[in-house]
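Got your viewer open? Grab the mouse, and let's walk through this model one selection at a time.

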Amino acid sequence: MKHAQYDVVVVGGGHAGCEAAHAAARMGGRVALVTLDPAKIGVMSCNPAIGGLGKGHIVREIDAMGGIMAKAADASGIQFRLLNRRKGPAVQGPRAQSDRALYKVAIQKSLREQPNVGILAGEVVDFVQTGDRVKAVTLADGTVLPCMAVVLTTGTFLGGVIHIGHDRHDGGRMGESAVTRLAHRLRDLGLRTGRLKTGTPPRLDGRTIDWDRLDTQPGDEDPAFFSFATRRVAVRQVACGITHTNARTHDIIRENLAKSAMYGGAIDGVGPRYCPSIEDKIVRFAEKEAHQVFLEPEGLKDHTVYPNGISTSLPREVQADYVRSMVGLERAEIVQPGYAIEYDYSDPRGLTSALQVPEVQGLYLAGQINGTTGYEEAAAQGLTAGMNALKSTRDEGPVVLSRVDAYIGVMIDDLTTKGVSEPYRMFTSRAEYRLSLRADNADQRLTPLAQAAGLIPGDQWAAFSAKLDRLTSVESRLAQMSITPKAARAAGIEVKEDGQKRTGMELLAFPDVSFEDLEGLNPSLADVDTETRVQLNRQALYQSYIERQKRDVDALNRDANWTFPPAFDFASVTGLSSELRAKLSAVRPESIAQAGRIEGMTPAATMLLLARLKHDERRAS
């Protein structure tokens, strides 16, 4: 059976797939989202939380570009916390515990209300090509969906195998089938593939936990939301419980390591270093006497509790023993065992910065298929791939975010340049320009760019424009102030008696000067709203650092933005080692900047490439 023509077909209804479909449809494309079970669209497969350090920045950026994750997280948030609150705004990360059911409802509502998105139940097993271009996808039942571009967001389903102790079975998620035929198709295509793994802890029945014996962790009294449009909490807030592993817990795990799928040799895939299993923790940190375990409620009407910190692939009975060895969990009942899942991924070094497979025009990959872990990383890739997939159908150039623009740009550049040796997770430390890539200014950095690409709804653009007008107006008033040290000191602001006049923005950059301090010097500032005050305070605090950073970026970009022609022959560049020629030929960087980040590249090697590009340009002219 053949369907009508689609612009973009998105395969998979996880976080990457939802953002990809929504983005392409926001831009006016006709989109089909194909998933095994439409009722599972927007499911939080692992922990019931969104955001964190680095990850929270990405969610703000998704919102700034019109995406749906931030609003869904705010609508379902049952506890909000700003991590690193005592540190500077550049490294603070919003995080929220979500009600799983409410989050799924919010995502499905966003897709349902977005024009031009059709949701189809089925398994994509093949895609049809004419020459090197995608023309359709084929479902397991023989249905053909004609299209001009395809975005694959297969998550852990691609060749997925679930491990609990020595038991193993095919599956993309507990209780759901794996995708195997498409896995074989991608291997036949010649994509470099490998195996990665991730895991989950056992889920507990909260009614069997002795909460009175546990420490608690409440949310923040002044919650930091993800969406720039959110003004208040939507649902009742709850606290998390805290317990710890102990010597008995560790003994049980050590005694049963041979029964673990990972330590028993049943799993070849590499797991995430920054989210280790409890077996990993006991072996790698043998000197530690206890590990913290956060007991996170999965919903307001759900008794299930997610014990964050004890993911495992041990047998069910061992899981029950070590859970009940912890304070407050002596009577705890497991409602779903923890498990490890191993799955296929495609080496992201084989993708362009738009997340396209170069050998197949119109084919894009996003999410865990590219070697990442985490809802946030997947959603950001989905937005990028969906946007660029639609642009390719219109013969428009891709929108590529750089490391200077966004954490999304940092992640995609890391993936496509360096590849992965373990599941990739975003941290603020990965961003060289994190002082300017703050969570609070994501809209100022990205919303105009997204508006130009057709991603921003009218109401969001109007709200952003009004905010920008307020910021610009007040910043102008501050910049026009000319305050002598004597006047500043009279207003209670401690400055040197150096005779130098300062603007309001310069005074705000002083660490102990607040916006309120300036009102005595300029009474017209009394009517400025709280949001504008906070934003300008932050901008002033970082201004001198950002200007210095911008000079560094400009210097870098003068040469780093040189791009390689698609057919550039890296192997023919004289002076490079054979190892570097092989790496460059395999990675095929798109620019001098990307080439410079390949492992083993030296400044001298970078200069050789730049000299070759300039030589080729002179010859062509």
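**Stop 1: two packed helices**

Start with helices α2 and α11, whose crossing is right-handed; that word applies when the near helix is turned clockwise from the far one by less than a right angle, and anticlockwise would make it left-handed. To find them, select residues 55-64 for α2 and residues 442-452 for α11. Helices here are DSSP runs (H or I, at least four residues), strands are runs of E with at least two, and both are numbered from the N terminus.

Before you go on, some housekeeping: this is a predicted model, where local features need pLDDT of at least 70 and side-chain atom pairs count only at pLDDT 80 or more, while totals for chains, interfaces and linings use all residues. Residues are numbered from 1 along each chain as its sequence is written, and side-chain values use heavy atoms, with hydrogens and water left out.

Two packed helices are described by the angle between their axes and the distance between the axes. For α2 and α11, the angle is about 35° and the axes are 8 Å apart. The axes are lines fitted to C-alpha atoms, for helices over the stretch in contact, and the angles run from 0 to 180 degrees between N-to-C directions.

Which residues in α2 meet α11? Show the side chains of Arg60, Glu61 and Ala64 in α2, then Ala442, Asp443, Arg445, Leu446, Thr447 and Ala450 in α11. Contact means heavy atoms within 4.5 Å. The residues of this contact divide into 4 nonpolar, 1 polar and 4 charged. In that count, Ala, Val, Leu, Ile, Met, Phe, Trp, Tyr, Cys and Pro are nonpolar, Asp, Glu, Lys and Arg are charged, and the others, Gly among them, are polar.

**Stop 2: zoom out**

Now show the whole protein chain: 19 helices and 20 strands. Its C-alpha trace spans about 75 × 75 × 50 Å along the principal axes. For 621 residues, a compact globule would have a radius of gyration near 25 Å, and the 26 Å of this chain agrees with that. (The radius is taken over C-alpha atoms, and the globule rule is 2.2 Å times the number of residues to the power 0.38.)

How much of the chain is buried? Of the 621 residues, 55% count as buried, meaning under 20% relative accessible area; exposed is over 50%, and partly exposed is in between (1.4 Å probe, protein chains only). Among contacts between residues at least 6 apart in sequence, 73% join residues at least 24 apart.

**Stop 3: Thr35 and Gly382**

Select Thr35, which sits in strand β2 (residues 31-35). Thr35 counts as buried because its relative accessible area is 11%. Leaving out residues up to four places away in sequence, Thr35 touches Gly12, Gly13, Ile41, Leu120, Ala121 and Gly122.

Next, jump to Gly382 in helix α9 (residues 375-393). Is Gly382 buried or exposed? Its relative accessibility is 0%, so Gly382 counts as buried. Draw a line from its C-alpha to that of Gly14: the two are 368 residues apart along the chain, yet separated by 9.5 Å. With residues up to four places away not counted, Gly382 touches Ala16, Glu19, Ala20 and Ala366.

**Stop 4: around α8**

Select Thr312, in the loop between β17 (304-308) and α8. Thr312 is buried because its relative accessibility is 3%. Not counting residues up to four places away in sequence, its contacts include Thr200, Pro201, Gln319 and Tyr322.

Now color helix α8 (residues 316-323), where the buried residues are Val318, Gln319, Ala320, Tyr322 and Val323. What do they pack against? Light up β10 (161-164), β13 (203-205), α6 (247-255), α7 (278-284) and β18 (334-336).

**Stop 5: two positive phi values**

Pick Asn116, in the loop between α4 (100-113) and β6 (117-121). Phi of Asn116 is near 80°, a positive value in a residue other than glycine. Asn116 is partly exposed because its relative accessibility is 42%.

Finish at Leu355, in the loop between β19 (339-346) and β20 (363-365). Here phi is near 70°, again positive in a residue other than glycine. Leu355 has a relative accessible area of 1%, so Leu355 is buried.
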